[in-house]
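Biologist: Could you walk me through the sheet in this one, strand by strand? I'd like a close look at how it is put together and what sits around it.

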Amino acid sequence: MDVLVNNAGIQNWMEIGSESFYVRAKDEIAINAEAPLHLIDLFSQLPSMRTIINVSSGLAFVPLVNVPVYCATKAFLHSLTKSLREQLRGRNIEMIEVIPPALNTDLGGKGIHDAYPPVRAFIEAIFPQLEAGHEEVTFGFSEQMAASGQVFDPAFKRMNQLS
Ligand SMILES: NC(=O)c1ccc[n+]([C@@H]2O[C@H](COP(=O)([O-])OP(=O)(O)OC[C@H]3O[C@@H](n4cnc5c(N)ncnc54)[C@H](OP(=O)(O)O)[C@@H]3O)[C@@H](O)[C@H]2O)c1
């Protein structure tokens with residue numbers, strides 16, 4: 001096995017103070033943040049591993065207030081990806097972040113995302129980026145959000161003494 005894709009995720013619409021807030025938050029953290037962290041740790045130890053793909057979100061960069069913990073888990077995954085990408089470079093493992101915008105899937109429950117673009121359009125847009133070797137691939141509305149994160153790339157490189 002040479003590729004790991006961390007795609008599984010849930011999105012909970014919720015309000016602080018509501019009865020199940022903390023329990024639902026813990027589920028979201030376990031599935032969206034802890035699981036990819038654990039899988040990266042395990043799979044990066046396989047000698048055959050070459051590519052790890054983490055699916056984050058445009059909401060990693062600009063939060064949507066109705067899904068507060070979801071956005072925080074995606075910000076976690078974005079930050080984790082940036083650091084571990086550099087650690088794994090020396091082991092010949094590439095780490096790619098896929099940054100989708102809102103798309104028409106069942107995320108958050110049936111119907112919530114029906115008005116958004118089909119997944120096909122997203123796939124067609126990101127494959128050329130993958131083929132071109134981009135480490136962050138994105139599309140549509142998320143392009144702007146991801147660009148906001150790139151503002152800090154010079155500081156990231158300077159702090160970590162990267163060329
Ligand atoms: N759709 C969007 O607007 C959007 C935007 C940005 C980012 N994303 C990200 O894209 C990824 C895929 O989401 P989607 O839009 O395709 O949503 P989806 O249709 O709800 O699919 C979610 C996927 O996660 C899996 N999953 C959920 N909980 C799991 C668990 N406890 N264990 C194992 N698998 C679990 C589901 O598996 P089962 O089918 O077996 O339950 C399903 O394959 C997620 O990380 C999501 O955050 C989506």
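Modeller: Sure. One term before we start: a residue counts as buried if 20 or more other C-beta atoms lie within 10 Å of its own, with C-beta atoms placed from the backbone. Keep in mind that this is a predicted model.

Let's begin at β1, which has Leu 4 and Asn 6 on a covered face, while Val 3 and Val 5 are on the uncovered one. β1 pairs with β2 (residues 51-55) in the parallel sense, over 4 bridges, and Val 5 has Ile 53 as its bridge partner there. To get from β1 to β2, the chain goes through helix α1 (residues 21-43), and this β-α-β crossover is right-handed.

Stepping back, the sheet is open and has 4 strands in the order β1-β2-β3-β4, with parallel pairing. Its edges are β1 (3-6) and β4 (136-138), each pairing on one side only. From one strand to the next, the twist averages 15°.

At the other end, β3 (residues 94-99) pairs with β4 over 3 bridges, again in the parallel sense. Val 98 is opposite Val 137 of β4. Helix α4 (residues 141-150) lies across β3 and β4, and runs at about 150° to β4.

Now for what packs around here. The largest nonpolar core has 19 residues, and Ile 52, Leu 59 and Tyr 70 have the most contacts inside it. Both α2 (68-89) and β3 supply at least two residues each to this core. Leaving out residues up to four places away in sequence, Tyr 70 touches Gln 11, Asn 12, Glu 28, Asn 32 and Leu 59.

Technical notes: Residues are numbered from 1 along each chain as its sequence is written. This is a predicted model: local features need pLDDT of at least 70, side-chain atom pairs count only at pLDDT 80 or more; totals for chains, interfaces and linings use all residues. Two strands pair if DSSP finds at least two bridges between them. Axes are lines fitted to C-alpha atoms, for helices over the stretch in contact, and angles run from 0 to 180 degrees between N-to-C directions. Two residues are in contact if their C-beta atoms, placed from the backbone, lie within 7 Å. A nonpolar core is a set of buried Ala, Val, Leu, Ile, Met, Phe, Trp, Tyr and Cys residues joined through C-beta atoms within 7 Å. A residue is buried if 20 or more other C-beta atoms lie within 10 Å of its own, exposed if 12 or fewer, and partly exposed in between; C-beta atoms are placed from the backbone. A crossover is right-handed if, with the strands pointing away from the viewer, the path from the first strand over the helix to the second runs clockwise.
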